[in-house]
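Hello,

I am passing a structure on to you, and you will find it just below. After it come some notes on what turned up, written for someone opening it for the first time.

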Amino acid sequence: MFKGLGGLGDMAGMMKKAQEMQKQMGQLQEDLHDIVVVGISGAGLVKATASAKGELKALDIDPSIFNGDDKEVVEDLILAAIKDAQSKASDKAQEEMAKLTDGLGLPADMKLPF
């Protein structure tokens, strides 16, 4: 009479895993605000610090690059450092997500929304 309930047990297990993953993803979202990456340009003359969520936290510029004639170079270095930090933030977020989804049998290249 209860032959078909075996599938329900599997479904309940899957639902429990999904709820657990949802909780872990929520925690990961919070943790990404605390993980820090640093983007660098100009051999370290400009450093941009960002969270793994991509939020710019700080910008450190070596005073030696401030020369009125080099305004465009300074702007380019600043943009390059920020882009480097954003790229590293994205990579770090994907790395952390991969740790979370590793045991779930999801494809390695599956990009979950952040």
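**What turned up**

Glu-96 is buried, with a relative accessible area of 14%. Please keep in mind that this is a predicted model.

Glu-96 is also a good place to start with the charged side chains. Its side chain meets that of Lys-92 in a salt bridge, at 3.6 Å from N to O. The two residues are four apart in helix α2, so about one helical turn separates them. Lys-92 forms a salt bridge with Glu-95 as well, and there the closest N and O atoms are 3.4 Å apart. Those two are three residues apart in helix α2, which spans residues 71–101, so about one helical turn lies between them too. Lys-92 is partly exposed at 23% relative accessibility, and Glu-95 is partly exposed at 39%. Salt bridges with shared partners join Lys-92, Glu-95, Glu-96 and Lys-99 into one network.

The count of salt bridges comes to six. Another one pairs Glu-55 with Lys-57, with 3.6 Å between the closest N and O atoms. Glu-55 is partly exposed at 39% relative accessibility, and Lys-57 is partly exposed at 45%.

Now to Ser-41, in strand β1 (residues 36–41). Ser-41 is buried, with a relative accessible area of 8%. Setting aside neighbours within four places in sequence, Ser-41 is in contact with Val-46, Leu-77, Ala-80 and Ala-81.

Finally, the surface: Met-11, Met-14 and Met-15 make a nonpolar patch of about 330 Å². Met-15 lies in helix α1 (residues 5–32) and is partly exposed, with a relative accessible area of 48%.

Best wishes

Definitions and conventions:
Residues are numbered from 1 along each chain as its sequence is written. This is a predicted model: local features need pLDDT of at least 70, side-chain atom pairs count only at pLDDT 80 or more; totals for chains, interfaces and linings use all residues. Side-chain values use heavy atoms; hydrogens and water are left out. Patches are made of residues with over 30% relative accessible area and no salt bridge: like charges are joined within 9 Å, nonpolar side chains (Val, Leu, Ile, Met, Phe, Trp, Tyr) within 5 Å. Accessible areas come from the Shrake-Rupley method with a 1.4 Å probe; for residues, only the protein chains shown count as cover. A salt bridge is a side-chain nitrogen of Lys or Arg within 4 Å of a carboxyl oxygen of Asp or Glu. Buried means under 20% relative accessible area, exposed over 50%, partly exposed in between (1.4 Å probe, protein chains only). Contact means heavy atoms within 4.5 Å.
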